Amino acid sequence: MTAGVRSIGEVGSLLASDICGDPGLLSAMSAQERAAALVAGPVKAETVDLARLRGRISAEDVVSPTPLPPFDHSAMDGYAVASLDLDHVVRSRLAAGASGEPETLRPGDAARIFTGAPLPPGAVAVAMQERARREGDRIRLEFRPDHGANIRRRGEDVAAGDVIVPAGVRLDARHLAILASAGVEAVAVRRPVVVGLMSTGDELLRPGEPLRAGRIHDANRPMLAAILARPSHEVVDLGVAPDDRPTLTKLLLEAAERCDVIVTSGATSVGDEDHLAASVSAAGGRLDLARVALKPGKPVVVGHVGGAVLIGLPGNPFAALVAHMLIGRVALERLAGLTPRPLRPLPAIAAFGQRGPGSRTEFAPAALLGADSRGVLRVEKLGRGGSARLAPLIAADGLAVIPAGREEIRPGDPIGFLPFEAAMEL
Ligand SMILES: Nc1nc2c(c(=O)[nH]1)N[C@H]1C(S)=C(S)[C@@H](COP(=O)(O)OP(=O)(O)OC[C@H]3O[C@@H](n4cnc5c(N)ncnc54)[C@H](O)[C@@H]3O)O[C@H]1N2
Ligand code: MOO
């Protein structure tokens with residue numbers, strides 16, 4: 001991985017850079033490595049039928065029991081011909097799905113053939129019917145076909161024994177298509193990772209509860225539940241924990257019994273009411289990572305309570321989102337059996353100027369203004385910063401990514417842009 005971002009072409013790898021000048025903070029890349037290392041391995045595997053595979057993570061390489069296609073066949077409606085000559089006599093008719101061995105073509109013979117039908121032995125090409133004139137049982141081709149024209153060969157897509165789906169991928173429609181083609185009925189996948197979501201803070205109200213003095217509604221649990229609503233994960237709502245050390249300790253211990261991962265938000269900072277670190281410790285757990293060079297998202301912590309991985313996101317909702325995207329996601333992907341993928345911001349240029357983010361990589365809600373004359377995306381930052389603000393996210397197309405180490409950003413400078421579809425992926 002390369003350090004630094006020097007040109008637009010390199011911006012895609014900016015999250016791979018390990019810049020962080022602040023000795024009190026861990027660089028985003030080192031934090032991701034630590035979060036990954038914290039997870040001993042993926043959850044166990046189970047066998048699941050094709051109809052329920054979408055969104056699950058493959059636990060082993062799946063090999064094809066058959067070549068694909070399984071037999072030589074026609075790619076067009078037309079005539080299978082025994083030679084590359086222009087004139088042929090049509091002696092048989094072959095449709096897809098017909099049973100029985102097709103008759104062998106002899107020199108001068110052709111067979112009327114339809115797309116998907118097995119190629120008769122002796123055929124050297126298929127001529128499209130639009131390129132043939134038929135009179136009775138004779139055809140004359142407009143031009144000599146190329147050898148092998150319009151023939152799909154057995155095994156040209158996949159050979160028997162080829163890996164058609166590798167281990168460690170999230171199965172989508174493409175994988176289901178190839179598994180079904182190969183006749184595979186069931187696949188070993190990782191069982192869903194059980195993720196407990198807990199918000200902390202005496203100020204938090206559940207959705208629908210009337211606002212009272214000094215209280216706010218919990219935004220983080222619904223946000224995180226929406227990101228985690230995937231077949232590879234099972235969300236357990238652990239509710240709101242109070243700002244009280246013994247109670248938080250007890251709730252963490254209970255959660256560790258039921259969950260593979262506990263994702264908390266709030267109580268990660270340094271205030272008297274920020275009890276997470278002390279509660280993790282009182283529960284016999286430990287924190288392996290704290291304070292990362294992210295803006296927002298700096299106070300993210302990661303560790304263990306009992307057998308469960310603990311991901312402590314900051315309380316401010318945008319900070320929680322960024323810390324999840326960069327750090328929590330890595331641990332969750334490893335547990336699910338995925339190879340964690342680095343976020344890959346698109347190369348873009350700033351349509352704004354500001355002071356650089358210093359030692360932290362900055363994420364900010366941003367709108368796409370279109371492309372410049374070279375086709376590079378122009379990105380405008382929205383809002384005036386603040387990890388507690390949600391409205392700029394609603395107006396945004398994604399997140400501007402400004403790598404650590406910049407002193408100043410001027411209009412036209414290379415930055416990164418993460419569309420929300422990529423940013424919000426688990
Ligand atoms: N002296 C310092 N103070 C703070 C620092 C610091 O370094 N030194 N860091 C600041 C940063 S950066 C952040 S981010 C926050 C992180 O704080 P906590 O993780 O301890 O979170 P809380 O204090 O519990 O809450 C922060 C803020 O977010 C609101 N909140 C909490 N949970 C939710 C939720 N589920 N839904 C919506 N809003 C939530 C909470 O009411 C607070 O306003 O610390 C800074 N302070
Ligand atoms: O880093 Mo905090 O996460 O700015 O709000």
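**How do we know? Questions about this model**

Me: By class, 11 nonpolar, 11 polar and 4 charged residues make up the shell around ligand 1. What makes a residue part of that shell?

Reply: The model is a predicted one, and the test is a distance: a residue is in if its C-beta atom, placed from the backbone, lies within 6 Å of the molecule. For ligand 1, 26 residues surround it, and the closest are Asn 220, Gly 266, Ser 269, Pro 314 and Gly 315.

Me: How do you know which classes the residues around ligand 2 fall into?

Reply: Go through the names. The shell includes Pro 296, Pro 299, Pro 314 and Ala 319, and Pro and Ala count as nonpolar. Gly 297, Asn 316 and Ser 387 are there as well; Gly is among the polar ones, so don't put Gly 297 with the nonpolar group. Lys 295 and Lys 298 complete the list, and Lys counts as charged. That gives 4 nonpolar, 3 polar and 2 charged.

Me: What makes the peptide bond from Lys 295 to Pro 296 worth a look?

Reply: That bond is cis, with omega near -5 degrees. Most peptide bonds are trans, so a cis one stands out. Pro 296 sits in the loop between strand S19 (294-295) and S20. There's also a cis bond from Leu 68 to Pro 69, with omega near -10 degrees, and Pro 69 is in the loop between strand S2 (62-63) and strand S3 (73-74).

Me: And what makes Ala 267 unusual?

Reply: The sign of its phi! Ala 267 has a positive phi of about 65 degrees, yet it isn't a glycine. Most residues other than glycine have a negative phi, so that value goes against the usual pattern. You'll find Ala 267 in the loop between S17 and helix H5 (276-282).

Me: Why are strand S7 and strand S8 called edge strands?

Reply: Look at the order in their open sheet of 6 strands: S7-S4-S6-S5-S9-S8, with mixed pairing. S7 (125-128) and S8 (132-135) each have a single partner strand, so one side of each has no neighbour in the sheet. The twist averages 35 degrees from one strand to the next.

Me: How do you know that S8 and strand S9 count as a pair?

Reply: The cut-off is at least two bridges. S8 and S9 (residues 138-141) are joined by 4 bridges, so they pass. The two strands run antiparallel, and Glu 135 stands opposite Arg 138 in S9.

Me: How do you know whether strand S13 and strand S17 run parallel or antiparallel?

Reply: Over 5 bridges, S13 (residues 193-200) and S17 (residues 261-265) pair in the parallel sense. For instance, Leu 197 has Val 263 as its bridge partner in S17. Helix H6 (residues 317-335) packs on their sheet, touching S13, S17, strand S20 (301-305) and strand S21 (308-313). The direction of H6 makes about 170 degrees with that of S21.

Me: Why is the stretch 196-334 called a "MoaB/Mog" domain?

Reply: That name comes from UniProt, in an unreviewed entry. Such annotations may be inferred rather than shown by experiment, so read the name as a record's label. What the model adds is that the span is 35% helix and 29% strand, with its end C-alpha atoms 16 Å apart.

Note on methods:
Residues are numbered from 1 along each chain as its sequence is written. Chains are lettered from A and ligands numbered from 1 in the order in which they are written. This is a predicted model: local features need pLDDT of at least 70, side-chain atom pairs count only at pLDDT 80 or more; totals for chains, interfaces and linings use all residues. Two residues are in contact if their C-beta atoms, placed from the backbone, lie within 7 Å. Axes are lines fitted to C-alpha atoms, for helices over the stretch in contact, and angles run from 0 to 180 degrees between N-to-C directions.
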